[in-house]
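I set out to record what I looked up in this structure, entry by entry. The cysteines come first, then the core and one loop residue.

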Amino acid sequence: MDSSFQRYHSAILDAWHELPCTRGLPPRSDCAVLLDLYRRGIPLSLVLLALRLASARRSTDLPPIRSVAYFCSVIDELVQADPSYVDYLRSEERRVGKEC
């Protein structure tokens, strides 16, 4: 693994630990999921946004998420979304963050 991928991988795992809907570490098999995202050129900022968005959409009554693969549908949703929608989500995230 090159150092660029290691930084990508580490940043996603750091974000994973901050989410209220996850516990522990994702399985080792998720390294392949992260490598696929990296090789597809999915920007780190988009992956992190997708993790936060999926977490916000999720009911707190559900058991913890155990795999990064859970977030792939939201990552793909944002990849295919109109860039203005992604910009809107980012601006709302900044706005809400300032209110907290």
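Entry 1, cysteines. How far is the sulfur of C21 from the closest cysteine sulfur, and in which residue does that sulfur lie? I worked from a predicted model. I found that the closest cysteine sulfur to that of C21 belongs to C72 and is 14 Å away, too far for a bond, because a disulfide requires sulfur atoms within 2.5 Å. I also looked up C31, which is in no disulfide; its nearest cysteine sulfur is again that of C72, at 13 Å. My search of the whole structure returned zero disulfides. I then checked accessibility: C21 is buried, at a relative accessible area of 10%, whereas C31 is partly exposed at 25%.

Entry 2, nonpolar core. I examined the largest nonpolar core, which has 28 residues; L37, V47, F71 and L78 touch the most other members. I noted that α1, α2, α3, α4 and α5 each give two or more residues to this core. The largest share, eight residues, comes from α3. For L37, I listed the contacts beyond four places in sequence and obtained Y8, I42, V47 and I75.

Entry 3, helix α3. I recorded 14 residues in α3 and a reach of 20 Å from first to last C-alpha, close to the expected 20 Å. Its buried residues include L46, V47, L48 and L49.

Entry 4, S67. I located S67 in the loop between α3 and α4. A polar atom of the S67 side chain lies 3.1 Å from the backbone nitrogen of A69. Beyond four places in sequence, I found S67 in contact with W16, P27 and D30.

Conventions
Residues numbered from 1 in each chain as written. Predicted model: local features only at pLDDT ≥ 70, side-chain atom pairs only at ≥ 80, totals over all residues. Heavy atoms only, no water. Core = buried A, V, L, I, M, F, W, Y, C linked by side-chain atoms within 4.5 Å. Buried < 20%, exposed > 50% of the residue type's maximum accessible area, 1.4 Å probe, protein only. Contact = heavy atoms within 4.5 Å. Polar contact = N/O pair within 3.5 Å; in protein donor to acceptor, adjacent residues only side chain to side chain. Expected span 1.5 Å × (residues − 1).
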